[in-house]
Amino acid sequence: MSSHDDLKDSLAEVIHGAKLKAKSRGSSIKPAVETLGSACYENGVLPDDLKELIDLVTTSAGNYLDQASLNSIIRNLYPATKVASEIIIKVVACLGHGVLKPSLAIQAALLRWIIMINQIVDGSALSQSYPVLFNLLDTAALRPSLCQLLAMITRRRHVRPHRIQTLLSLSRQTGSDPALTGLLRVFKDYYPEIIVGEATRGKASAFKHPDLQWRERLDEIQSAHAQTSRNANAVQDAFHVARNANGARRAALVPEVHTSHANESSVTLEEIENADGLVKALETIEMPNQLISVLSDPLLQKLLLLRPDAESLQRATNWMVSCAQDLVSGDGESELEGILEIMRDYARATRNLPPVFLSLLSEVLKSWNGRGRASMFEVLSYAPLPSSDFSGLYEAVFQRLEAKVLDGTPNSQLAVLGCYTSLLRNWAVFLLAQPQSSRDSTSSAIPDLVTHVNKLALAVLQTASLPSSASNNNSSNTMAAHSAVLDFYDEASRFASNPQLLRHAQIVIPPPPLVYILHFATSPATVARLCGVLARYKAGFQTAMAGQVGSRKMSDTYSVEYINEFNGFLMDVCNCLWRSRAFNAKDANAHGCLLAGGVVEDLAAYVRGFNLNVVLPSMFTLSASPAFGALATAHLRDVEEVEQGLNGDLEVRHAGPVTKATLAKLARDGGVNLSWDDYRLGVLGHLEDHGMNGVAELMNCTMTTLMKKP
């Protein structure tokens, strides 16, 4: 009987015995508990068994196991794999007071267990459970373990004014409990200007690991299980010959590595077991019988990369030419998906798509029926960077791909856009990997690609905004389109902002309508990402205007009109978000967001008709814009909460949205005293705390007043 069967039998016996009172059992349950504990210690607990054991120790109703038995089970809960979020949620749900809850001693033991397995918890269940755990701090029996767990998982977003107040109050009530003081010090690391005074000067808990030996045993179990899983699943090892790893269909297309002509002084690939073995025998390794195996065997790929062989590559090329002839004639159509998968894996491993592959795909695309679409997109994303322009590659491959895929629907457009995004990213990786001596070469293929995708990106945004009969959630379609478009311009802007990449291609800015469509999106993440893209483009133009490649001044590449067009984007965005001058076309380079003067006047009159004491230009600031208004208000609420915690009740709170005038009135009326500049800087910081750094990046590199700040 296997050890897993022993654990299963013991677990079933313990679960059955737990349902019976001690006097109703025919024999003592302790031997079964001990056997279960030994099995868990020896081999660890698999996910399904762990779920049953957690159900057992967290359930009070109908569970008649004594405290010693429950503690023994918890002490031996050694997970063999990552711990699922649902396990953590069950443990957190059993904490607290109530007749159906386990005893406080068992709850404390479970908390110590979570502390010891914190590093192997899968997902964000602990972070999501933070409010529940924090609200249990008034339970003295759980407090030491709770404080240690909270100290481990606390991040800046968890440190809120009301939690600071709660900790300070609890610390006073408990006479500066060391555990609470230790947690307060963690909070103080995030907001040292708020937590002051004597609160953190007392003796604090050191938060030591509950049981280092237990953790060492857990590491051993996890390592052993991972090794067993790799062997059982036959995952390809980069330093072992692959055996039947690709499935029956692909094994029939590409033979495995076999060497039958070795001699006493040579070494076969089949003998290599690790990286050291490959290095030591590199010069004496005998080539296998069929070198076409290079397409699917990672070890052979490494050998040919380290020891190039023209004859070997030619043999692989001949095989691909033969495949191409079969596919073009229609004889190999049933094998197309398998061949595409082989090409995909080869391109992934080598970061390269040989010319013969590209020629084959060019022919295949003439009659392609869409099979293996995902593999086709990924393979083409590794297309080599042309030495001249993009037109040859486009006409031979991507024009045919677009003709087969694009059908006017958002999904088809997003698929092609994703392929171009990956292509641009792979070109950047290729250029950054080149020797320093070749980094001054330039290619028009990159700006040609960006120029081509500019049109596609506009089409994506326009198509996604149309009402869809196939989906009731048009908002999610728009968000997906915005995200995909920004993914591409993230890559394009990195070409602009990276000095090494900027040497290879001139900057191509997005089309103006695209910039303003994204700028007026209602998603704060979309607008923040756009601001980040524009900030990187600005950094690229600054580098280009001051730099030189060889004898060519990079500033000669860009006309004054082109630079002014881009500067107009910056001016319009800053006018909206920062300067309260939305749609102003009188500033130098400002485009007024491309709105005609008559339209702006009509909109201003429409706003005045509501008699709200607001004007149109101020309705798109950080305080009032549809994208950032709620976040700006949340920042002000945080400021007011902190102010109230430090100085007592506020006489009045701001109703929002904030303007310079309303902030001044708020201070006069007894509310928080906050200047307009400090408020806006605080909003930028609040956005950064929520992962939206782009707005601050753009404002800091564009607004003169912010650029002068230290």
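This is a tour of a predicted model, one selection at a time.

**The whole chain**

Start with the full chain, coloured by secondary structure. It has 33 helices and four strands. Colour next by burial: of the 710 residues in the chain, 46% are buried. Contacts between residues at least 6 apart in sequence are worth showing too, since 69% of them join residues at least 24 apart.

**The largest core**

Select Phe398, Tyr420 and Met699. These are the residues with the most contacts inside the largest nonpolar core, which has 139 residues. Helix α22, residues 445-464, supplies the largest share of this core, with eleven residues. In soluble globular proteins, nonpolar side chains tend to be buried together.

Stay on Phe398 and show its surroundings. Which residues does Phe398 touch, leaving aside those up to four places away in sequence? They are Leu380, Ala383, Phe390, Leu393, Cys419, Tyr420 and Leu423. Tyr420 thus appears both as a neighbour of Phe398 and among the residues with the most contacts in the core.

Another core, of 70 residues, lies apart from this one. To find it, select Ala32, Leu56, Leu150 and Leu167, which are among its members.

**A covered helix**

Move to helix α18, residues 355-364. This helix is mostly covered, with seven of its ten residues buried. The buried ones are Val356, Phe357, Leu358, Leu360, Leu361, Ser362 and Val364.

**Two helices packed together**

Select residues 676-689, helix α31, and residues 694-702, helix α32. Two packed helices are described by the angle between their axes and the distance between the axes. Here the angle is about 140° and the axes are 8 Å apart; α31 and α32 are therefore oblique to each other.

Now show the side chains where the two helices meet. From α31 come Leu684, Leu687 and Glu688, and from α32 come Val695, Ala696 and Met699. By type, the residues of this contact are five nonpolar, no polar and one charged. Met699 has already been selected once on this tour, as one of the residues with the most contacts in the largest core.

**Aromatic rings**

Show the rings of the aromatic residues. The whole structure holds 21 aromatic pairs. One to select is Phe520 with Phe620: the pair is edge-to-face, 5.7 Å centre to centre, with 85° between the planes. Phe520 sits in the loop between α25 (512-519) and α26 (524-546), and Phe620 in the loop between α28 (597-608) and α29 (629-647), so the pair ties together parts that are 100 residues apart in sequence. Is Phe520 buried or partly exposed? Its relative accessible area is 32%, and Phe520 is partly exposed.

For a group of rings, select Tyr516, Tyr537, Phe541, Tyr558, Tyr562, Phe566 and Phe569, which form one aromatic cluster.

**Two positive phi angles**

The last stop is the loop between α27 (560-577) and α28, where Phe583 lies. Cys593 is in the loop between α27 and α28 as well. Most residues other than glycine have a negative phi, and most peptide bonds are trans. Phe583 is not a glycine, yet its phi is positive, about 70°. Cys593 also has a positive phi, near 55°.

Check the burial of each in turn. Phe583 counts as buried because its relative accessibility is 9%, under the 20% cut-off. Cys593, at 6% relative accessibility, counts as buried too.

Technical notes: Residues numbered from 1 in each chain as written. Predicted model: local features only at pLDDT ≥ 70, side-chain atom pairs only at ≥ 80, totals over all residues. Heavy atoms only, no water. Core = buried A, V, L, I, M, F, W, Y, C linked by side-chain atoms within 4.5 Å. Buried < 20%, exposed > 50% of the residue type's maximum accessible area, 1.4 Å probe, protein only. Contact = heavy atoms within 4.5 Å. Axes fitted to C-alpha atoms, helices over the stretch in contact; angles between N-to-C directions. Parallel < 35°, antiparallel > 145°, perpendicular 65-115°, else oblique. Nonpolar A, V, L, I, M, F, W, Y, C, P; charged D, E, K, R; others polar. Phe/Tyr/Trp six-rings, centres within 6.5 Å; stacked < 30°, edge-to-face > 60°.
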